[in-house]
Every structure is written in structure tokens, then in C-alpha cells.
Amino acid sequence: MTHPPNGQNGTWPDLSAVRTKEDFRDALDKLRELKNLTDRQVAEASDDGSGRKLTTTKISTVRKQYALPAREFVIKFLCGCGLRTEVEQSPWLTCWERLRDDKPAPVNVQRDEKPALTDGREDANSALPEVPRDGKVPSPEAPSGEQASPGTSPEASQGAPPDAKERETPAQVPPDDGPASPKTPGGKETSPGDDPPGAPDRARTAKAVGPGETGRTPLKEGQKRAVATDRQSGSQASPPSGSTGGGRKPSARLLKALAGVTVLLVVAALAGWAWHYKTVAYDRLRDAKNTQEEKQKFRKQHCGTLNSSLVTVAGECTGVTDGSDGAAVFGDDLKPVMTAIGAENRNVVESGDYVTVAFLAPLASKSANSLTFGQYVAELEGAYTAVEEENRKNSRPKIRLVVANMGSSEKQWAGTVGLLTTMKKDDRLVAVTGLGLSQGESVQAARALSKADLPMVGDLITADGFDSTGTVDHKGAIDGLARVALPNRDQLTALSKDLGTARRNAALIRTGLTPNGSKDLYTESLNQGFQGIDGLEKNLDASADFRFDPRGGPGTSMSSISEDLCHSDKKIDTIYYAGRVKYLPDLLDGLATRSCHTEHITVVAGSDTAGFDPGTKSLHVGDAPITVLYANFRNAAQLRSPDNPARNLYEAFVRDFTARHHGQRFDADHLTDTYWSLVAHDAVLTAATAVHRAGGHGALPNRYAVGNELFALRNDAVAGATGHFGIDKNGNRTDTTRVVTVHQLGHALPEAPENDS
């Protein structure tokens, strides 16, 4: 293992210990941490000479993915961490190639270590004394510094200049085994560095076998004892049988024995190699199978992707994506808009000068309890249209849109919002738009985002107090929350004026729960308005107050309630409906078939009635006159009318909505079937306006700067598809009285109720 350079703490990543793709990604992240770098700093310094850099989004995505990073990514990441030379990058790329080819990690053994024999025997060379580093073995009889190198005469050594001696690299020759200098057969005493007559030149032998090797055949135990006995007696040891010393030839018996041993060794080596190959092959197959199974399991849990920010729950895909995980990840109905989002984001990220805005919504309606009726498709298309419009302008920074799905009925709000709060830094998240419907889950989501200091712009939330004041649930302020929809109180006030001053007898049909049993703040707010606004409250008949629980199933007792109205003490001519449009068809069916169905009745409802089909049969029964009233923005025909002072803004939105979006087209009917595309567009446009105002100061704006500008949008600063508007101190739009419009469905209203005194 190598160690970090001076001035850095921690242990440098040990690439020899990297076994899996996850280990490799962890090693890259550890390198970044040891360098004390953020993802943004790595991205900014990641140009490897190609002119292209990594993005923080790419780094974050690779960190979450299961697969091995691409080689180009690794090189750029290493450059971003300061490892720019080939020498510095080589170990990392070698490790990367090993993992790519699924090769085992190299065994890290020190050069000077010798593996111990498993049967407890010592290596025959282990008893040899250490050889000096210069390769010179001093003679016991010669003073230090006067011994000639083996294979070199003393005269030659003495006559050579000092620098020549230093340049020489004599072969390393181990000393002899005995303490005394043996003698040759001729009686001449030899030093341990000399060779006996007839023996090969040890200098040449040492050079042939290489430094650090003895070039000797290990002696058997019996031969060691024989040599030791000869030394003790002072005689020259005879060469062992079979050696070439003294000119003796090896016997045929010894050669046969050596041949047999060689064959056994070769067979054993082949068997060992075969066993090793089989084991390695089996391990690789097992690891590959396990890896494939893990990938399949991961994909199953994460919407068929390798993105851990997407989670499959009860058959639905929830979580956060930037469009790079597939166009159908949230369903086929969203494929066109998700394709466009992915393409637009790629262009924006490539520019480098961008911030991220999230769109948070329940983008699913598979559950029977869903309140969205598929209108979320038009909603997301409207949100994207605003982003595309703003990115075409000559303004900075560009907007990158990420989509955050809370699932049907917003059940998975907590996990999705938790992911968004982690995107503040590396993903440059500066605002969240959308937020879903006016229900308890949305309020909890808004409070969590507010705690993370993320500015918010709601598109559909209309419940009174569901703004920065937080009075919707009386649990304190929700700092940073603004909205572009019309509050319920403004809607009901307009309806009370439209009903006139004539006396009416009104029944109240209400609920305070969603189909999941959580608080429905939208219907609670309607109930409070019906009972609190003077022009409406005066008409209420206290004996005709009906509450229903949407968890009761289809119909939710609407037929029974409708029939009860025929038997009331007073003749009921008006119904205040504080419920969701989801249950309105059941109520109208009950009214059309009640025993007193020939008597005209007026139903006053909330703004979500804009999503109701005006061609519903129960509204057009000849002998059962029913009129439905609700207040909201102008409808498509009214927005196109010359009477609309902001007609040009709406028509520009329609052109942009119906144009091609990176090869995709949105259904034009989504502009008339629902108003959700309008408010989603204006919510994202409001956030983008704040972003561009904050970006006008030069630096890339953060969420605090965007929040400051959001609540400074006064004097019709936002040119929305619904008209010009601003944001007041509580986060509400400033033009509600100008744009709120009363709509009528079914039969015409009678000029005066029959019970008018």
C-alpha cells in the first residue's frame, strides 16, 4: 500500500485490495476525501485535455450506480483529484482493467520474503549468512577493504582508479559454509572467495543466476551431516555423488531417480495447475452469477434502473430522476415529456452554467384512491414548457429540471423529499415546485423542505393558510413557501357574489379526509369557507349537514344523502359541496334519480371541478335540472378571448406547448381538458424568474439568493400564462381578484329561487 503525499491525512487507497466495482468506486471517493475536495472542485478540475469536464451530477450518478465507471470518467476524475501524469494514473487504470476483465486481484508479496514450507522444514538456503550489499565477501585473513572481488585479480583491483571500483557491480556470491579456509588437493590454501580447481567460475555462475540467488542445489540432510563431519576433521569435503566436481560422472541410477522425480514434479505441477484453473474458473462463474443476481435484484428494487434515487414501492416507481434513467420510468403516459426533459437536461449540463429546479408531484394514478385522474401528465408537460422557454432566453443560469414522484396519493412523500434535501450542494438544487394537492402529506413535505431552506412554489395548493404563514394546520410558519393557485377563500367569495342576495336553503355535504384517511386540507378549507363567508353562511340549513367518509367505497352514501334532501323540513335548493371532484359524479347521479328530481338544485363546489367532464349525463337530464357552479382561472376559450388583457401571454404559452420538444409533441387536448398545465407552467416560471434575478448578480445563485428574490417578486413581475402577477409577503399571488372566474355546468340557473321571499 502506498501512502498519501505530505500534508494529507489518512491511508491512501490500497488498489490491490479492490475486489469489486463497489470497492473501486469507494476507492475513488476515498481519494477525493483524502484530497479534501468537493464534487464541484473535482468537476471543475477534471479536464483531461479533451476540453470536456465532468459534472457534479455525473459524479453523483456514478457514485450511486452499480456498474463500473467508464474509463473516460476515471481518467477525468483522477485529473480532478490532481493525478494527471501517466505514472500516477497507471495503477488506477490497471485496477480498472482488471475489474473490467473480471481478473483476480494480484497477490501482494514482498520481494525479500520467502514463503515458509508448510511441513515445518527449513529452506536449505535459510542458514546462509547475509551477503553484503556490495557483493564483496571479505576473507578472514585479509584486512577489511583489501579483499579482491571474485573473478577479479587483486592486482587489477589495486590498479583501477577509485571511481572505476565504485562503478563495478560484482556478482553476489555467498560465503562458504565452514569457518576455516579449505585447501585444494595440491595443498594450496584457498580463501572463501576462490574456486577449487575444476569448478566453474563462481563469478560467471553468480552472474548467470542473477543477484540474490545462490546458484546451488540444496543439500539433503545426509549430505549436510557428511560435510559437517569432514569440516570438523579438517579435510576437504568430497563432492556429493552425482555432482560434476572432481570430474566424476553421475551414475545411471541417479539419473533415473532424477528423471523420475522430474516426472512426478511435472505431473504434480500440471495437476496443481488444473486444480487451480478449475477453482478460479468456478469462483469466477460463481462471482459472475452472484453479481448478475445482485444486479437483477437491485434493478427490481429501483424501477429497473441502476439509480438508487428511484425506488419501486407497491408496483409504482417513486423517487427522483433527471430523465437519464429512461423515458418510461414513471409510466408510458409520461414518455414524451420525460424524453424531452432528459434531452434538455443534457444540453443544459453540458453548458456548465446551470442550477437545478425540482418538480414534486404524485405522478401516478394506478391506485383506486388516487385524486389526480391522470391530469399529472398535462401538469408535468406545462412545467417542462416553462423550463424550455426560459432556457431559450438570453439569461443565466440555465435551468435543469429534475422530476420527483411521491407516488399515488403522495404516500411516498417522505422518501422522495428526503432525496431532494440531499441535492442542495452537489446537484445545485435551488428551488422545488409543484408540491402536489392540498392534503396532509403535502404540508409535511413543505415543512421538511422549509427546514432544509429550500424555496418552494406550489402549483395546485389552494387550501387557505397553505402558504408561508402555515396557518393551514396551525403548526407554525412554512418559510419559503409561495403558490400561484387561487386560495379557496377567494374562489368562494366570488361564488357568493355570483349567487346574489336572494334567500336560499343550502345543505352542506362535507368530508375532511382523503381516501387514505389522512387530512384533506382542501375540503376542510372549503367547509370552513362555506360556514364562514357571510354571503354563503346565511343560507345554511343546520338540519341538512351531512358528513361522509371516502373510505366507505364507491358511492360513499351519496344516493342516500340525495334522497334525504327530498324529506327535509325546508325545501333544499342549494348544496355546498366540500368534497373532491372524484365523488361529484356519484352525488349528481343521486340527485338526478332522487324522488324529487324534478325540482331544480344548484351545487356549489371547489376549483378542482375544472377537471370534471361537462358532458356528464346526469347534468343533462331534461326533467332533473341540476346546475354546478365553481370558481377558478379563465378556461381556454376565455383566455383566448379579446376580453382577456393577457391574451398574448396565453397564446405564447400555447405555441410553446404544442411545438416540438426534442422531437416530441404534447397532446393539445391537455390544454383544454384541465387547467393543471397552466398552473404548473406558472409555478416553474415563477421559480425561474427568481433564479434569473438572483443570477444577474454574477455568481451562480444558491437557494438563499433564490428565496430572497422569490419574495421580492412584486408589481406583476411574473408574466405567466394565466396573466401578470407577483408574490405577496405571505407567498400568495397578487392578482387573484382580477383573474378569478365563476364557471357554470349543466342547466342554467333560474332567475330567482322558488323559495325567494
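**Helix 16 and the second largest pocket**

In this predicted model, the buried residues of helix 16 are L521, Y522, T523, S525, L526, N527, G529 and F530. The helix that carries them runs over residues 521-532, and its twelve residues reach 16 Å from the first C-alpha to the last, which is close to the 16 Å expected at 1.5 Å a residue. At its N-terminal end helix 16 is capped by D520, a side-chain oxygen of which lies 3.2 Å from the backbone nitrogen of Y522.

Within this helix, G529 deserves a closer look. Its relative accessible area is 4%, and G529 therefore counts as buried, the cut-off being under 20%. Once its neighbours within four places in sequence are left aside, G529 is in contact with L492 and L536. A further relation links G529 to D490, which is 39 residues away in sequence, while the two C-alpha atoms are 9.6 Å apart in space.

We turn now to the pockets. The second largest pocket holds about 900 Å³ of space and is lined by 35 residues, among which K53, L54, T55, K58 and V349 lie nearest its centre. Helix 2 (39-44), helix 3 (56-64), helix 4 (71-80) and helix 11 (335-351) each contribute at least two residues to this lining, and helix 11, with six residues, gives the most. In character, the lining of the second largest pocket comprises eleven nonpolar, twelve polar and twelve charged residues.

Key:
Residues numbered from 1 in each chain as written. Predicted model: local features only at pLDDT ≥ 70, side-chain atom pairs only at ≥ 80, totals over all residues. Heavy atoms only, no water. Helix = DSSP H or I, 4+ residues; strand = E, 2+ residues; numbered from the N terminus. Buried < 20%, exposed > 50% of the residue type's maximum accessible area, 1.4 Å probe, protein only. Contact = heavy atoms within 4.5 Å. Expected span 1.5 Å × (residues − 1). Polar contact = N/O pair within 3.5 Å; in protein donor to acceptor, adjacent residues only side chain to side chain. 1 Å grid on protein atoms, 1.4 Å probe; cavity = no way out; pocket = protein on both sides within 12 Å on 5 of 7 lines; lining within 4 Å. Points joined across faces, edges and corners; volume = space filled by probe spheres on them. Nonpolar A, V, L, I, M, F, W, Y, C, P; charged D, E, K, R; others polar.
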